[in-house]
Amino acid sequence: MNSHVLIAGAGIGGLTAALSLHAAGIDATVVDSVREIRPLGVGINIQPQAVGVLTELGLGDALAAVAIPTAEHRYADSRDELMFTDPRGLARGYRRPQYSVHRGELQMLLLDAVRERLGAEAVRTGVRVERFIQSEEEVRVRVTDRATDAASVLSTGLLVGADGLHSAVRAALHPEQGPVLWSGVRMWRGVLETERFLTGRSAVIATDGPRPDGRHGAQFLAYPISRPADDRGRSLLNWVALVTEAEPGPLDPAAADWNAPARPEDVLPHFEGWRIGGRLVHDLVTGSALVLRYPMVDRDPLPRWGEGRVTLLGDAAHPMYPVGANGATQAIIDAGVLADHLAAADDPRAALTAYETERGEATARIVRASRRMHESAHSGAGAIDAITSAFRAATGG
Ligand SMILES: Cc1cc2nc3c(=O)[nH]c(=O)nc-3n(C[C@H](O)[C@H](O)[C@H](O)COP(=O)(O)OP(=O)(O)OC[C@H]3O[C@@H](n4cnc5c(N)ncnc54)[C@H](O)[C@@H]3O)c2cc1C
């Protein structure tokens, strides 16, 4: 029987799955549609449970060398007046830290580990998964070579769709899946090097008061993401600006592009006079070499993810709002659980069912909690305690 696992997508979820499967003695290959994997994105957060998965994979030291072990979330208003502080990670009593890290740097760290452990050929780029058919014994996956446009078929024992928000594997499994849903909130992001930000381990979440229409207008977050910068007494500071732009509703999926560039002028009018962690928001935004925009989107949870020899993982399975530090965290946890079930079961299809049973409802709860947290922050119903209690529900923190 074909026991090989083909993973579609070399994001944080797909690469961690390859490492977890390899550690469990299971043969895996990763394909990604991009021609070259480049360290894209800005800051992300990884919760202690996911840090545990990476640490068990022997990546604890490598992670500690690049990431910031965030110790506190400070909640403030737009004048930089502190409302309260919420301890995080080790400071909250977890065995592992919560890390803030550059997404691209984490992805490259995982990619290097996969190539070193599974071999240089274990990650193939420029290979886009299109669709698949499966039988009792195998999955036949149709792929396109991006360089030549040539189609071919790969035979595998199992297919894991870790191909993100716009997953082709999910679309093939669930042609009736609902639309990409936009909360109406626009998110801009950027990164810049500054003097050390507060303790160097602090994240600040600044929210303005309700506006005349009852809605909160804006939120601005800032946190450092680089250990090497911290070692030099500086901070590589990641910022996120959130503004309500439209009523919630379905969105053209093409509009949800993590790499879409924006201009500082798009952001600044919403944050005139704002201060965060002793800095002017204006200076953070104008000091960033690149500003990116993204709509706050997710999808409704699926009643089931996969079928037979095919399953989903990470954003492909449960796209959620990037609030509460959960996108990468849940993808990493999925990867560990998937490998554990495959290692323990005789029948891989039973292992996929067990994996989905363990992860399906847990992640659906987080999708819903992330929505509640986000709505609290932007609806005006949002007393700060509603935001934080939803944040805790979403992060288990
Ligand atoms: C370029 C990029 C930048 C991002 N930047 C940020 C950020 O700054 N902040 C943040 O919070 N989150 C960001 N995210 C999202 C974040 O990485 C995820 O929410 C989280 O890490 C879960 O990752 P994932 O592996 O499930 O999905 P993703 O990180 O989305 O990875 C999916 C991978 O699948 C590949 N892929 C897609 N379709 C196919 C296909 N048909 N065949 C083969 N491969 C395919 C993609 O190229 C990608 O590498 C970004 C995602 C991407 C892709």
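Tutor: A polar contact is a pair of N or O atoms within 3.5 Å. The model here is predicted, and its ligand can be set against that cut-off.

Student: What makes the approach of Ile12 to the ligand a polar contact?

Tutor: A polar backbone atom of Ile12 is 3.3 Å from an oxygen atom of the ligand. The limit is 3.5 Å, so the pair counts as a polar contact.

Student: How do you know that Asp32 and Val129 make polar contacts with the ligand as well?

Tutor: An N or O atom in the side chain of Asp32 is 2.6 Å from a ligand oxygen. For Val129, a polar backbone atom is 3.0 Å from a nitrogen atom of the ligand. Both values are within 3.5 Å, so both pairs qualify. Of the 930 Å² of accessible area that the ligand has on its own, the protein covers 87%.

Student: Which residues are closest to the ligand, and how many surround it?

Tutor: The ligand is surrounded by 29 residues, with Asp32, Val42, Arg103, Arg189 and Asp315 the closest. By class, the shell holds 13 nonpolar, 10 polar and 6 charged residues. At least two shell residues come from each of α1 (12–23), β2 (28–32), β3 (43–46), β9 (127–134) and α9 (327–344).

Student: Why are α1 and α9 called roughly parallel?

Tutor: Their packing angle is about 30°, and their axes are 8 Å apart. Angles under 35 degrees count as roughly parallel, and α1 and α9 therefore belong in that class.

Student: What is the hand of the crossing between α1 and α9?

Tutor: The crossing in which α1 passes α9 is right-handed.

Technical notes. Residues numbered from 1 in each chain as written. Predicted model: local features only at pLDDT ≥ 70, side-chain atom pairs only at ≥ 80, totals over all residues. Heavy atoms only, no water. Near = heavy atom within 4 Å. Polar contact = N/O pair within 3.5 Å; in protein donor to acceptor, adjacent residues only side chain to side chain. Areas by Shrake-Rupley, 256 points an atom, 1.4 Å probe, with all protein chains shown as cover. Helix = DSSP H or I, 4+ residues; strand = E, 2+ residues; numbered from the N terminus. Nonpolar A, V, L, I, M, F, W, Y, C, P; charged D, E, K, R; others polar. Axes fitted to C-alpha atoms, helices over the stretch in contact; angles between N-to-C directions. Parallel < 35°, antiparallel > 145°, perpendicular 65-115°, else oblique. Left-handed = near helix turned anticlockwise from the far one by under 90°.
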